[in-house]
Amino acid sequence: MQYTAIRVKEKTKDNVTRLLEKINKNEDCGKVTFDHFVGHFIDNINDEDIKALQLKTITWSHEERRLRKLWEKQKGKISDDKWKEMLFLGQLREFVVSHSRISAHAQ
């Protein structure tokens, strides 16, 4: 069997290690390894889980492209300059608030 390294943040590694220690306190079963742990989630992930993971990675750059496509589908094609003008002047605020997957409220 060949093993390889997976890059994760130190905090993630610590969290998984603590969870595995908790899981492996039971002496009635064999040792659950990181490989078993990851494999379990790969085998049991569903479409909702995938969507939730994807949504955690959205940036305003991603969202701008998606929102522009949606705007153009609903309202018709628009030039890059006009789109930027509308963004900068706040003319798209209501549209963004209504359709964005990211909170558009001031943070």
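**Figure 1. What counts as a helix here, and how the whole chain is laid out.** A helix is a DSSP run of H or I that is at least four residues long, and helices are numbered from the N terminus. With that in hand, Phe-34 can be placed in helix α2, which covers residues 34–44. The model you're looking at is predicted. Its chain has 6 helices and 0 strands, so the order of elements from the N terminus reads α-α-α-α-α-α under that definition. Along the principal axes, the C-alpha atoms take up a box of roughly 65 × 30 × 25 Å. The radius of gyration is 22 Å, while a compact globule of 107 residues would come in near 13 Å.

**Figure 2. A look at the surface and the charges.** About 9600 Å² of the chain is accessible surface, and carbon and sulfur atoms make up 53% of that. Just 17% of the 107 residues count as buried. As for charge, there are 21 positive and 17 negative side chains, with the centres of the two sets 5 Å apart.

**Figure 3. Zooming in on the largest nonpolar core.** Eight residues make up this core: Leu-67, Trp-71, Ile-78, Trp-83, Met-86, Leu-92, Phe-95 and Val-96. Helices α4 (60–75), α5 (80–88) and α6 (93–99) each supply two or more of them. Now pick out Ile-78, one of the core residues. Setting aside neighbours within four places in sequence, Ile-78 touches Arg-68, Trp-71, Glu-72, Trp-83 and Met-86. Among these partners, Trp-71, Trp-83 and Met-86 also belong to the core.

**Figure 4. Phe-34 and its contacts.** Here we're in helix α2, where Phe-34 sits. Is Phe-34 buried, exposed or partly exposed? Its relative accessible area is 34%, and because buried means under 20% and exposed means over 50%, Phe-34 counts as partly exposed. Leaving out neighbours within four places in sequence, Phe-34 makes contact with Ile-6, Val-16 and Leu-20.

**Figure 5. Val-8, in the segment before α1.** Val-8 belongs to the stretch that comes before helix α1 (10–23). Its relative accessibility is 41%, so Val-8 is partly exposed too, given the 20% and 50% limits. How far apart are the C-alpha atoms of Val-8 and Phe-34? They're separated by 12 Å, with the two residues 26 apart along the chain. For Val-8 and Thr-33, which are 25 residues apart along the chain, the C-alpha separation is 16 Å. Stepping back to the whole chain, residues 24 or more positions apart account for 42% of the contacts with a separation of 6 or more.

Terms used: Residues are numbered from 1 along each chain as its sequence is written. This is a predicted model: local features need pLDDT of at least 70, side-chain atom pairs count only at pLDDT 80 or more; totals for chains, interfaces and linings use all residues. Side-chain values use heavy atoms; hydrogens and water are left out. The radius of gyration is taken over C-alpha atoms; the globule rule is 2.2 Å times the number of residues to the power 0.38. Buried means under 20% relative accessible area, exposed over 50%, partly exposed in between (1.4 Å probe, protein chains only). Contact means heavy atoms within 4.5 Å. Accessible areas come from the Shrake-Rupley method with a 1.4 Å probe; for residues, only the protein chains shown count as cover. Lys and Arg count as positive and Asp and Glu as negative; His and the chain ends are not counted. The place of a charge is taken as NZ of Lys, CZ of Arg, CG of Asp or CD of Glu. A nonpolar core is a set of buried Ala, Val, Leu, Ile, Met, Phe, Trp, Tyr and Cys residues joined through side-chain atoms within 4.5 Å.
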